[in-house]
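Biologist: Got a minute to go through this one with me? Put it up and let's start with how the chains meet.

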There are 2 protein chains.
Amino acid sequence: MEFGDYIRRVRQMHQQQDRGYSLRQVAGRIRVEPSYLSKVERGLAAPPSRATILRLAAVLQTDADCLLAMADRVAEDLCAAIQARPQLMAKLIRAAKDQPEATVLGWIDSAS
Amino acid sequence: MEFGDYIRRVRQMHQQQDRGYSLRQVAGRIRVEPSYLSKVERGLAAPPSRATILRLAAVLQTDADCLLAMADRVAEDLCAAIQARPQLMAKLIRAAKDQPEATVLGWIDSAS
DNA sequence: TGTCATGTGTACTACACACTACACATTTCG
DNA sequence: CGAAATGTGTAGTGTGTAGTACACATGACA
């Protein structure tokens with residue numbers, strides 16, 4: 001799914017129950033120009049910066065990590081965690097990549 | 001440790017046994033201008049792009065993930081793995097962040 | 001002693017990123 | 001009906017990224 005299509009859909013969902021979700025209003029709340037958000041929604045402009053995507057996720061009440069992923073980005077705290085122990089984390093992620101979700105969830109569960 | 005300091009040190013290690021590791025020679029092999037590599041080594045220029053760092057890691061026979069981390073970057077395949085399953089991977093990394101190395105290694109071990 | 005290689009200084013550049021500014025044509029609704 | 005709000009088109013902008021180009025001084029070495 002394209003980033004623009006997705007955020008347009010989510011925004012319009014909200015808009016149906018709350019007229020505070022017009023393109024202009026949302027643009028105002030995430031502090032960008034309406035014309036820019038319009039282009040992003042239609043895929044005529046590349047997805048915004050990480051910071052802007054985070055504001056958008058908050059306003060649209062959607063998962064930030066997913067939204068970042070659609071924009072080919074990764075949250076800053078995840079990058080930091082990898083950079084703090086690069087070899088360990090690289091090994092972990094490469095191992096997790098080929099595991100079914102249940103297995104990975106098992107690991108996480110054993111942590112808490 | 002600074003990126004520049006580190007690669008200079010590693011390069012000079014090699015240089016002591018192999019005169020094929022002069023700044024100019026290494027620059028040639030990773031396909032950048034010597035003056036640029038010089039600036040990078042002394043911290044007068046920001047670390048190079050991901051692709052250039054990978055070539056450098058290969059030439060210096062040092063761990064690519066570590067070198068990338070020093071440059072505040074993350075390997076592309078790790079980003080891709082996160083983006084493929086953003087919520088799961090985000091949860092995993094945030095869980096692993098606070099675990100001792102042995103625990104994480106245990107998870108990895110249970111995978112193979 | 002001359003030439004070759006080494007590291008460095010200065011100046012510059014092409015391109016992409018992440019937007020802004022503003023005018024315009026519709027649509028809504030009090 | 002008229003005013004306000006809506007989405008969009010065109011043009012332009014400042015900043016950062018990732019380097020290149022080339023001259024220069026120094027040192028090795030044959």
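**Chain B against chain A**

Modeller: Sure: 36 residues from chain B and 36 residues from chain A make up the contact, where contact means heavy atoms within 4.5 Å. Keep in mind that this is a predicted model, where local features need pLDDT of at least 70 and side-chain atom pairs count only at pLDDT 80 or more, while totals for chains, interfaces and linings use all residues. Residues are numbered from 1 along each chain as its sequence is written, chains are lettered from A and ligands numbered from 1 in the order in which they are written, and side-chain values use heavy atoms, with hydrogens and water left out.

Biologist: What area is buried between chain B and chain A?

Modeller: About 3400 Å², with carbon and sulfur atoms giving 70% of that. Buried area here is the accessible area (1.4 Å probe) that two parts lose on being put together, summed over both. On the chain B side, Gln83(B), Ile93(B) and Trp107(B) lose the most, together 16% of what that side buries.

Biologist: And how many salt bridges go across?

Modeller: The rule finds four between chain B and chain A, a salt bridge being a side-chain nitrogen of Lys or Arg within 4 Å of a carboxyl oxygen of Asp or Glu. One joins Asp77(A) to Arg94(B), at 2.6 Å from N to O.

Biologist: Which elements of chain B do the touching?

Modeller: Those giving two or more residues are helix 5 (64-70), helix 6 (76-84), helix 7 (86-97) and helix 8 (101-111) of chain B. Helices (H or I, at least four residues) and strands (E, at least two) are DSSP runs, numbered from the N terminus. Helix 7 of chain B has the largest share, twelve residues. By class, that side of chain B has 22 nonpolar, four polar and ten charged residues; Ala, Val, Leu, Ile, Met, Phe, Trp, Tyr, Cys and Pro count as nonpolar, Asp, Glu, Lys and Arg as charged, and the others, Gly among them, as polar.

Biologist: OK, helix 7 on helix 7 then. At what angle do the axes cross?

Modeller: Roughly 145°, and the axes of helix 7 of chain A and helix 7 of chain B come within 11 Å. Axes are lines fitted to C-alpha atoms, for helices over the stretch in contact, and angles run from 0 to 180 degrees between N-to-C directions.

Biologist: Which residues meet there?

Modeller: Met89(A), Leu92(A), Ile93(A), Ala96(A) and Lys97(A) meet Met89(B), Leu92(B), Ile93(B), Ala96(B) and Lys97(B). That contact has eight nonpolar, no polar and two charged residues.

Biologist: What about helix 6 and helix 7 within chain B?

Modeller: Their axes come within 5 Å and cross at roughly 115°. Ala81(B), Ile82(B), Gln83(B) and Ala84(B) of helix 6 meet Pro86(B), Met89(B) and Ile93(B) of helix 7.

Biologist: Back to salt bridges. How many over all chains?

Modeller: Ten. Among them is Glu41(A) with Arg8(A), 2.6 Å from N to O. Glu41(A) is in helix 3 (residues 34-41) of chain A and Arg8(A) in helix 1 (residues 3-17) of chain A, so the pair ties together parts that are 33 residues apart in sequence.

Biologist: Last one: where is Cys66(A), and what does Cys66(A) touch?

Modeller: Cys66(A) is in helix 5 (residues 64-70) of chain A. Not counting residues up to four places away in sequence, Cys66(A) touches Pro86(B) and Gln87(B).
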